[in-house]
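Subject: Structure handover

Dear colleague,

I am passing on a structure that I would like you to look through before we discuss it. Please open it first and then read the notes underneath.

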Amino acid sequence: MGKDRRDIATRLIHPLERSSRNFHSLVTPIERASTVLFDSLADALETGRESEEHYRYGVNGTPTTRELELRFAEIEEAAGCALTPSGLAAIALTYLATCKAGDHVLIPASVYLPNTLIGNWLKRMEIEVEHYDPMIGGGIAALLRPNTRLIWCESPGSISMEVQDVPAIVAATHANGTLVAVDNTYASGLLFNPLAHGADLSVHALTKYPGGHSDVLMGAINSRDEALARKVRDTARLLGICVSSDEAALVLRGLPTMRLRLDHIGKVALEMARWFADMDEVETVLHPALPACPGHTVFQRDFSGGAGVFSIIFKDWERERVARFVNALELFKIGYSWGGVVSLVMAYDRLERPSRGEGERLVRFNIGLEDANDLKADIVQAMERA
Ligand SMILES: Cc1ncc(COP(=O)(O)O)c(C=O)c1O
């Protein structure tokens with residue numbers, strides 16, 4: 001090694017030697033960057049004309065984030081995937097990439113509440129958002145206007161679990177030139193693929209099953225065709241919407257076990273849902289694989305299985321008793337979100353779905369990876385204490 005005569009301050013930044021890159025592991029490397037280097041000015045200026053093969057600046061992606069985009073696109077055979085810092089940001093980006101002033105948007109009444117809140121916020125941009133009955137199916141045709149730009153579906157719906165007839169909505173909609181976006185977080189692409197049924201965009205909270213460990217927030221939009229994928233990606237870049245390589249690596253770590261986790265979670269959730277359905281205290285179990293759940297037959301037709309989220313409605317229990325039950329649970333932790341290894345429970349104040357009276361007797365469960373008998377024992381002891 002020749003003697004480097006530059007000051008140590010400089011040498012700490014520009015060392016003469018670097019470690020060998022001849023290294024292969026099973027793990028996608030975490031490559032962090034704001035600045036991306038070019039070999040020459042000509043290369044920098046040429047790359048400025050943007051192509052997917054070239055990295056240009058951190059906002060446009062790193063090898064780590066692109067690896068996740070490629071792998072997540074593959075699940076739904078999408079033409080392209082764009083990552084966002086949360087599932088909610090993926091919902092917002094979907095609106096921003098597809099809608100303009102004067103457009104009309106339809107969203108199901110069962111949608112994840114913050115989607116509705118974004119819809120309200122969009123009024124200031126003269127985008128009109130209207131709610132529809134999630135069970136409308138092909139009847140959506142009657143709500144279409146010449147300026148209906150986007151229809152949201154979320155299947156099953158948040159908390160009240162309505163399964164939507166996405167193929168019927170797509171069939172009734174496409175002649176109008178309207179895009180269909182599905183919040184497919186529940187199915188994670190593995191249990192239902194909306195793009196294969198003609199939807200244009202499949203929107204995800206990777207926070208749930210893909211991340212799988214309740215330690216990362218991220219979202220993704222899978223697009224069915226190239227032009228739409230480019231539009232979503234360009235809008236994300238324009239607005240500076242991107243994710244860090246460190247967080248992408250957490251989701252990359254979750255993906256290989258997602259199938260196994262979902263298989264186990266789906267099996268235990270269904271076992272528990274059936275067990276609840278036989279209880280005298282329980283009026284209704286809203287699990288898409290059970291006949292009492294709206295859209296059950298659509299679920300049987302379109303989904304390859306269920307995930308770990310379902311709701312029950314207690315018979316005759318007043319709000320205070322529901323609260324005592326939730327507070328008495330030990331293994332089920334009280335918390336929003338779902339998709340991690342720990343079972344969660346939530347009850348809602350002022351919930352007006354499925355109907356006003358039922359909302360206060362509704363409890364939603366997220367099944368994690370604990371043993372099914374231990375989870376049942378926890379429910380039994382909490383019911384006794386309630
Ligand atoms: C159906 C659905 N979509 C989107 C989101 C938003 O995801 P995130 O928490 O990553 O913003 C959630 C979060 O609970 C959700 O339940």
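The notes below go from the chain as a whole to the ligand site and then to two backbone details.

Please keep in mind throughout that this is a predicted model, and that the values quoted here were computed from its atoms.

As to the overall fold, the chain contains twelve helices and twelve strands. Its radius of gyration is 24 Å, which is close to the 21 Å given by the globule rule for 386 residues, so the chain is as compact as a globular protein of that length. Taken along the principal axes, the box filled by the C-alpha atoms is roughly 80 × 55 × 35 Å.

The ligand is found in the largest pocket, with 14 residues around it, of which G87, L88, D183, T207 and K208 come nearest. Sorted by class, this shell is made up of seven nonpolar, four polar and three charged residues. Among the secondary-structure elements, helix α4, which spans residues 87–98, gives the most to the shell, with three residues.

Three polar approaches to oxygen atoms of the ligand may be of interest to you when you look at the site. On the backbone side, an N or O atom of G87 lies 2.7 Å from a ligand oxygen, while from the side chains a polar atom of K208 lies 2.7 Å from an oxygen atom of the ligand, and an N or O atom in the side chain of W338 is 3.4 Å from a ligand oxygen. As for how much of the ligand is enclosed, the protein covers 90% of the 390 Å² of accessible area that the ligand has on its own.

Two points in the backbone deserve a careful look, given that most residues other than glycine have a negative phi and most peptide bonds are trans. The peptide bond from S155 to P156 is cis, with omega near -5°, and P156 itself is placed in the loop between β4 (148–154) and α6 (166–173). The other point is E77, a residue other than glycine whose phi is positive, near 50°; E77 is located in the loop that runs between α3 (63–75) and β1 (80–84).

With best regards

Conventions:
Residues are numbered from 1 along each chain as its sequence is written. This is a predicted model: local features need pLDDT of at least 70, side-chain atom pairs count only at pLDDT 80 or more; totals for chains, interfaces and linings use all residues. Side-chain values use heavy atoms; hydrogens and water are left out. A residue is near a molecule or strand if one of its heavy atoms lies within 4 Å of it. A polar contact is a pair of N or O atoms within 3.5 Å; within protein, one must be able to donate a hydrogen and the other to accept it, and residues adjacent in sequence count only if both atoms are side-chain atoms. Accessible areas come from the Shrake-Rupley method with a 1.4 Å probe; for residues, only the protein chains shown count as cover. On a 1 Å grid over the protein atoms alone, a cavity is a set of points where a 1.4 Å probe fits but cannot get out, and a pocket is an open set with protein on both sides within 12 Å along at least five of seven lines; lining residues have an atom within 4 Å of a point. A molecule sits in a cavity or pocket if more than half of its atoms lie within 2 Å of its grid points. Helices (H or I, at least four residues) and strands (E, at least two) are DSSP runs, numbered from the N terminus. Ala, Val, Leu, Ile, Met, Phe, Trp, Tyr, Cys and Pro count as nonpolar, Asp, Glu, Lys and Arg as charged, and the others, Gly among them, as polar. The radius of gyration is taken over C-alpha atoms; the globule rule is 2.2 Å times the number of residues to the power 0.38.
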